[in-house]
Amino acid sequence: MSWNSQDFFSSSPYNQQYTGSISYDFQQQQQQQQQNYSLSQPYTQYSNDNFIPSPYNFNSQVNNNQFYYPNHYIPPTATSNQNDDEPPLLEELGINFDHIFKKTKSVLNPFAIPDLSIRDDIDLAGPLIFCLIFAFSLLLFGKIHFGYVYGIVTLGTFGMYGLLNLMASSDKSCSGLFVISVLGYCLLPMVILSFLSFLFKFNSFINIILTIIFILWCSISASKLFTISLAMIGQQLLVAYPCVLFYGVFALLTMF
C-alpha cells in the first residue's frame, strides 16, 4: 500500500464513505423542519414567487384583513332603539296634555259624548291646576281660601267614592283617584264663574241665576263622566244630585 500526498488533502474517499448516511439524515431533518414550519406558519405566494408568513403580509392587494383596526375591538355601544323604548318624563309623571285637552273639552260641552281614551283616565294634573286657579281667583276678592278648597275636595271625594261604589256594578268599581280626577276637572265652570263675578259687578238676582246655571253645568258634566265610565245606565240624575251639593259649596265660596 503506497501513500500519496494528494490523497491526504482529497476528501473524495470520505465523501464516498459517509455521503450516503450523513446526507440522507440531514436532508430528512431539514424536510421535517420545513413541514413543521409550514404547518405553524401559512405562507402566501407573491407574484415574484417569494414566500413570507401570512401574518407579516404587507401586500394590500393579496390580504387586506391582516391589519389592526381599533374599531374591531371596541365593544358595541347602546343603540338608539333602547333609548326610544323609555317613555318621556311627563308620561312617567302621569301628565298627558292630550288627555287634559280632551277632558277639558268634554267638561266644557256637557252634552257631548266623551272620548273613549279619557273615560277611565285618572289624570290628576288637570284637577290640581283648576283647584289652584280657583283658589287664586278668590284672592281677587280678598278671600284666602286655599285650605277650604282642598278640604272640600277631600271630603267630597270620600263621599262620592262611597256613593258610586254602592250604585255601580261589582265589575265596574271606581277608584278614589278617578273620583278626584272627574270632580277636579268639572270644577272648571266654577273657575269661569269666579272670574266673571270679579270682572262684571252683577246684582244679586243675576248672580243667583248665574250661580244656578254654573252649578248645573258642573253637575251635568261630572254625572255624565261618572255614568258613562261606570256603565250606570239611567242613573245620571241620581249621581247629579250629590254633585249639585258638592259644587254648590264652591258657588257659596265664590258669591259670598
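This section describes the annotated transmembrane regions and the two largest pockets of a predicted model.

In the unreviewed UniProt entry, the annotation "transmembrane region" is assigned to residues 124–141, 147–164, 176–199, 205–226 and 238–255. Two of these segments were examined for secondary structure. The segment 147–164 is 100% helix and 0% strand, with its end C-alpha atoms 26 Å apart. For residues 176–199 the helix content is 92% and the strand content 0%, and the end C-alpha atoms lie 35 Å apart.

The largest pocket has a volume of about 210 Å³. Two or more lining residues come from each of α6 (125–139), α7 (146–167) and α8 (176–185). Helix α7 provides the largest share, 6 residues. The lining consists of L124, P127, L128, C131, Y150, V153, T154, T157, F158, Y161, G176 and I180. Classified by side chain, 9 of the lining residues are nonpolar and 3 are polar, and no charged residues are present.

The second largest pocket has a volume of about 180 Å³. Its lining draws at least two residues from each of α10 (204–229) and α11 (236–255), and α10 makes the largest contribution, with 5 residues. The residues concerned are S204, N207, I208, T211, I215, G248, A251, L252, M255 and F256. In this lining 6 residues are nonpolar and 4 are polar, and charged residues are again absent.

Definitions and conventions:
Residues are numbered from 1 along each chain as its sequence is written. This is a predicted model: local features need pLDDT of at least 70, side-chain atom pairs count only at pLDDT 80 or more; totals for chains, interfaces and linings use all residues. Side-chain values use heavy atoms; hydrogens and water are left out. UniProt positions are given in the numbering used here, feature names are shortened, and annotations may be inferred rather than shown by experiment. Helices (H or I, at least four residues) and strands (E, at least two) are DSSP runs, numbered from the N terminus. On a 1 Å grid over the protein atoms alone, a cavity is a set of points where a 1.4 Å probe fits but cannot get out, and a pocket is an open set with protein on both sides within 12 Å along at least five of seven lines; lining residues have an atom within 4 Å of a point. Grid points are joined across faces, edges and corners, and a volume is the space filled by probe spheres set on the points. Ala, Val, Leu, Ile, Met, Phe, Trp, Tyr, Cys and Pro count as nonpolar, Asp, Glu, Lys and Arg as charged, and the others, Gly among them, as polar.
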